[in-house]
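Student: I should like to examine this structure by asking what justifies each descriptive term.
Tutor: Please proceed; each term will be set against its criterion.

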Amino acid sequence: MNRTLYRKLVDAHTVAQLDEQNVLLFCDLHLMNEYTSPQAFAGLDEHGRRVLMPGQNVAVVSHVIPTQPGTIRVIREAAPALQASNLRKNCEQHDIPLFDTQDALQGIEHVVAPEHGMIRPGMVVICGDSHTTTYGALGALGFGIGTSEVEHVLATQTLVYRLAKDMRIRVDGVLPVGTTAKDLILMVIGHIGAQGARGHVIEFCGTAFEAMSIESRFTVCNMAVEAGARGALIAPDRKAVKYVLERATDLHGVARDAALQHWETLHSDEAAVFHVEHRFDASDAAPHVTWGTSPDQVIPIGGAIPDPARQTSAPMRRSTEQALRYTGLAAGAPLEGTAIQHVFIGSCTNARIEDLRAVAQVVRGRHVAKGVRAMVVPGSGAVKRQAEAEGIASLLMDAGFEWREPGCSMCLAMNGDILADGVRCASTTNRNFEGRQGRGAITHLMSPAMAAAAAVTGTITDVRRLETHHA
Amino acid sequence: MREKHILSGKMAPLAIENLDTDQIMPKQFLHGIDKAGLDKGLLYDLRFDAEGRKRPDFVLNRPERADVEVLVTGANFGCGSSREHAVWGLQQYGIQAVLAPSFGEIFYSNAMNNQLLLVMLPEEEIARLMADADSPETSHIHIDLETLRVRSCNVDAFFTLSERHHRMQLERRDLIGMSLTYQAQIEHFARLHWETHPWMKNVASHTRQQLGHTPRAQGIAHLGGIA
């Protein structure tokens, strides 16, 4: 029978078929953080249950941790401090490995896990965080779960899993100079909509993804959830295998050979049928920036802000009006040239070393514009040190950027890094929801290079207009 | 009010598309290690102004809407963050059901796991329910969980739930306990899985062990092959 990659992964992890729509799915790796796991551990204790397979679980303090520069990291607020200490207590009690507050390798869970080789092709990876779709970049089925399900995984190492439908998004062609994976995925989300992939696992294929680095593929799969997808996959190729082998230091000898052989099979069969297919041409992509309060409210940098009156349905008119009211932009106006007061470079979408290099390339020879506050929050301790070793940190600091400690930070603003009412922010994150980065704050999602261009000009700017100064 | 399998009460309209879980339960209410107090945070920025005063014009703040138990809302309700706090907050506020053309996927599972009823109906039906909900006089709704039927002033419609979710709505079940009846099968599966895929066994604990403990004060032992 011809199967999609998604079905192969599900079949290979099915412990039992529960009914027509649900299977008991074995989970290879379960990641946890300090804010969606406490009630799960409490539930476990309440029922006198134990963690069934502690070695398949790992926790990272990521969401509440402050990012102010400094060698010792202290969570001063009582409630988040308790979340971190409670996570430590739970991990100790249940023998679960932890990347704690003071650990030099601490960071955003979705940056930490793959950079140390914990994500491998063919795995099922889950986490109480919606951006777990990131791992599809390595051919692992990743998806976010709620706290009830976190408790279920802790107790059983499985999930009751509702099967998704298959969607394929093929993008051939070459991304034009100045455009990135972020622009491409924003373009795709703009076309298919914030619920365009609801109920589906997306398989991305085509030469555009083949040409991408693994870090760029992380960005694409990370944001698939913003189209409503229940997962995202890219069939692992030589690049993916190389990425994993360089980091998974335990993989050698017979185990390595067996792994390589298995990974060869991780692709959709030639005649596999997808419920929905989309096609795009990478050469149509331009730098994209969101203008509204949903990730699908996005236009190419040269485009005009949509007019509510021209929307085809009442809900579309309503949401366009609502978004423009919140973002304070005018229908029909260009987005380019809009003044910003803040720049945030960070998040599980775009805070890896490749992203910071892209920022540095634009910033070299320039300075943060007057009146703009620009923050860089590296994705992990390892990314931070790498950037420091490459001179990126000093370049950015000299240019007026704040160089901070790793964490989720202002992507969701639950650690104290929060914007004031009315502040407009150029952000490399994944969600431009109302109030996401602070009540009344306005988020414009864009690529790291575009955020860097906004930082040095003080306005939303087409990065392709800026001349690049090479080192 | 819910009596056995009948949910009968007042509904309120929230004509917002893509109402995400960040808005349903904002960040400042996510700092607990238990589930308490989330009713305060529900739809906070919509219910309260920047100074914490009730916005009198917001539908749930109107006196005649004090006992609302059902929300009728736009498509993709509950999209975004996986935070189950959104579901807990809705329930603690007194919401028993949400009706929409569609729901965010993780939110949907979270709601089912907490017996919060989600009713998915076509746009046109939702528009008519929204119109009924708009005026307190016509805002009564009657939902039969057994027959999966919704009735209001101008709507009489059937909705669907998967068989499993339907059972979960009708009776409180210990889902983990039920899955634990498969424990021997799970352990057997894991043994075979790791025999053929040894590189998937204890990856987390092995990696943590190999990295060693790297306290910040002592510098860093491992940079990862990041380049």
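Student: Which residue just after α5(A) takes a positive phi?
Tutor: The model is a predicted one. In it, Gln157(A) has a positive phi of about 55°, just after α5(A).

Student: What makes helix α5 of chain A mostly covered?
Tutor: The helix spans residues 147-156, and ten of its ten residues are buried. A residue is called buried if 20 or more other C-beta atoms lie within 10 Å of its own. The buried residues include the charged-type names Glu149(A) and Glu151(A), as well as Val150(A), Val153(A) and Leu154(A).

Student: Which residues touch the most other members of the largest nonpolar core?
Tutor: That core has 216 residues, and those with the most contacts to other members are Val125(A), Leu184(A), Val343(A), Val359(A), Leu396(A), Ala455(A) and Leu99(B). In soluble globular proteins, nonpolar side chains tend to be buried together.

Student: What is Ala455(A) in contact with, leaving aside its neighbours within four places in sequence?
Tutor: The partners are Val343(A), Val368(A), Ala369(A), Val372(A), Ala374(A) and Ala426(A). Contact here requires C-beta atoms within 7 Å.

Student: Why are β17 and β19 of chain A called edge strands?
Tutor: The open sheet has five strands in the order β17-β16-β15-β18-β19, with parallel pairing. Strands β17 (402-403) and β19 (442-445) each pair on one side only, and are therefore edge strands.

Student: How do you know that β18 of chain A pairs with β19(A)?
Tutor: Pairing requires at least two bridges. Four bridges join β18 (residues 424-427) to β19(A), so the criterion is met, and the two strands run parallel. One of the partnerships links Cys425(A) to Thr443(A) in β19(A).

Student: Which helix packs on this sheet, and which strands does the helix touch?
Tutor: Helix α15 (residues 448-457) of chain A does so, touching β15 (342-345), β16 (373-376) and β18 of chain A. The direction of α15 makes about 150° with that of β15(A).

Student: What is the strand order in the open sheet of four strands in chain A?
Tutor: The order is β11-β10-β9-β12, with parallel pairing. The edge strands are β11 (231-233) and β12 (276-281), each pairing on one side only. From one strand to the next, the twist averages 20°.

Student: How do you know that β9 of chain A pairs with β12(A)?
Tutor: Six bridges join β9 (residues 165-172) to β12(A), and at least two are needed, so the strands count as paired. Asp172(A) has Asp281(A) as its bridge partner in β12(A).

Student: How many residues of each domain of chain A take part in the contact between them?
Tutor: Chain A is divided into domain 1 (1-286) and domain 2 (289-465), with C-alpha centres 24 Å apart. The contact takes 37 residues from domain 1 and 37 residues from domain 2. On the domain 1 side, α4 (109-115), α6 (181-192) and α8 (214-223) of chain A each supply at least two residues.

Student: Where do the domain bounds of chain B fall?
Tutor: The assignment gives domain 1 (2-173) and domain 2 (179-218), and 39 Å separate their centres, taken over C-alpha atoms.

Student: How many residues of chain B are in contact with chain A, and which helix gives the most?
Tutor: There are 69 residues of chain B in contact with 89 residues of chain A. Helix α9(B) gives the most to that side of chain B, with eight residues. The side divides into 27 nonpolar, 28 polar and 14 charged residues.

Methods
Residues are numbered from 1 along each chain as its sequence is written. Chains are lettered from A and ligands numbered from 1 in the order in which they are written. This is a predicted model: local features need pLDDT of at least 70, side-chain atom pairs count only at pLDDT 80 or more; totals for chains, interfaces and linings use all residues. A nonpolar core is a set of buried Ala, Val, Leu, Ile, Met, Phe, Trp, Tyr and Cys residues joined through C-beta atoms within 7 Å. A residue is buried if 20 or more other C-beta atoms lie within 10 Å of its own, exposed if 12 or fewer, and partly exposed in between; C-beta atoms are placed from the backbone. Two residues are in contact if their C-beta atoms, placed from the backbone, lie within 7 Å. Axes are lines fitted to C-alpha atoms, for helices over the stretch in contact, and angles run from 0 to 180 degrees between N-to-C directions. Domain bounds come from an automatic or database domain assignment.
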